[in-house]
Amino acid sequence: AAIERRALPFVRPVDLADGAVGAQLLPDIVPVWALLLAAALVPLGVYAALLFDRRAPLDVNCYIAAQFLLAAYEAVGVTVLLTVALKALAGRPRPHFAAVCVAYDARGVCTGDPLKVAEARRSFPSGHSSLAFAVACFVSCTLHAVLAPVAPAAAARKSPSPAAPSAAAAALPALARLLLITAPWLLASLVAVSRTRDNHHHWSDIVAGALLGGAVAVVAFHNRALAFLPSPLSASSSHLSLSDLPTTTASVPTPRADADVALNYGLTSV
């Protein structure tokens, strides 16, 4: 909100008789505070459910948690910044703009509340949609990395000896894995579609927001998380130490004689 007050939207002439801006002003179906709370807590829940390993040393868990959460919140932060910037540049009126503007005075300025009028000029892209899909796509990338039959890190390096599939991946049929990995998209879609039902966005706004948030999340995940993401559902990894993990997101530890560590965490091939 503080950023949006400084990034004033582009003011374009709007015909108040246009049906595209004549919808009734309705309350949010999904409040902003609820979406922000979900964006903050969902990555924590995903880490606890999928990545935390009680058998691993504390320093390993702390390292993985820090890197994973940093990647997740980078996706959220960059998505918010890009969304706010595009809203200000586009200055597209919301479907309920006429209800907020009320009428034009002699200077051609809306007679309604200036803050509400400015907010009604920030329709494109949808912030709810971009943020929901940023979180959803990041969670989907994590689910795919953990449940994939072949560890993504090993597959990306085209290793002749890819890491063994996790026990959960081996037990799940391919269709079940697909449904589980794409389930977050359904929840994000419900949030996005709600913005058309409460007359806060046009359909093109939520589509653009979904593409923006999803793209940022995928880039953020591959930029940081994929280099260290372990497979905690595979064999025991209690003997792994922090020195076995990459020191930077772009580096991979050199091959070691400990093949079990390499296979468990998908960090290198032996």
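**Notebook: a predicted all-helix chain**

I began with F138, which counts as buried at 4% relative accessibility. The model is predicted, and I keep that in mind throughout.

**Entry 1: the F138 ring.** I looked for a partner and found F221. The two rings form an edge-to-face aromatic pair, 5.5 Å centre to centre, with 80° between the planes. This pair links distant parts of the chain: F138 sits in helix α6, F221 in helix α10, and 83 residues separate them. F221 is also buried, at 2% relative accessibility. I then added F68, since F68, F138 and F221 form one aromatic cluster.

**Entry 2: the whole chain.** I stepped back to count elements. The secondary structure comes to 11 helices and 0 strands. I checked burial next: 47% of the 270 residues are buried. The chain exposes about 13300 Å², and carbon and sulfur atoms supply 70% of that area. I also looked at how far contacts reach along the sequence. Among contacts with a separation of 6 or more, 79% join residues 24 or more positions apart.

**Entry 3: the cores.** Which residues touch the most other members of the largest nonpolar core? I found L51, F68 and F138, in a core of 41 residues. The elements that give two or more residues to this core are α2 (32-51), α3 (58-90), α6 (127-147), α9 and α10 (203-225). Helix α6 supplies the largest share, 13 residues. I also noted a second, separate core of 9 residues, which includes V21, F97, C101 and A120.

**Entry 4: A75.** I picked a small side of the story and went to A75 in helix α3. Is A75 buried or exposed? A75 counts as buried because its relative accessibility is 1%, under the 20% cut-off. I set aside its neighbours within four places in sequence and listed what remains: A75 is in contact with A134, F138, V216, A217 and A220. So F138 turns up again, as one of the contacts of A75. I looked at A220 in particular. A75 and A220 lie 145 residues apart in sequence, yet their C-alpha atoms are 5.5 Å apart in space.

**Entry 5: another aromatic pair.** The count of aromatic pairs comes to 3. One of them joins Y47 and F52, edge-to-face, at 6.3 Å centre to centre and 70° between the planes. I compared the burial of the two partners. Y47 is buried, with a relative accessible area of 10%. F52 is partly exposed, with a relative accessible area of 40%.

**Entry 6: helix α9.** I followed α9 from residue 174 to residue 197. This helix has 24 residues and reaches 35 Å from its first C-alpha to its last, close to the 34 Å expected. Where does α9 bend? I found a bend of about 35° at T182, with a proline, P184, following within four residues. P184 is also one of the buried residues of α9. The others on that list are R177, I181, A188, V191, A192, S194, R195 and T196. I kept a general point beside the list: an α-helix has 3.6 residues a turn, so residues three or four places apart point the same way. Last, I read past the end of the helix. Just after α9, N199 takes a positive phi of about 60°.

Technical notes:
Residues are numbered from 1 along each chain as its sequence is written. This is a predicted model: local features need pLDDT of at least 70, side-chain atom pairs count only at pLDDT 80 or more; totals for chains, interfaces and linings use all residues. Side-chain values use heavy atoms; hydrogens and water are left out. The expected span of a helix is 1.5 Å times one less than its number of residues. The bend at a residue is the angle between axes fitted to the seven residues ending there and the seven starting there. Buried means under 20% relative accessible area, exposed over 50%, partly exposed in between (1.4 Å probe, protein chains only). A nonpolar core is a set of buried Ala, Val, Leu, Ile, Met, Phe, Trp, Tyr and Cys residues joined through side-chain atoms within 4.5 Å. Contact means heavy atoms within 4.5 Å. Accessible areas come from the Shrake-Rupley method with a 1.4 Å probe; for residues, only the protein chains shown count as cover. Rings of Phe, Tyr and Trp (its six-membered ring) pair if their centres lie within 6.5 Å; planes under 30 degrees apart count as stacked, over 60 as edge-to-face and the rest as tilted.
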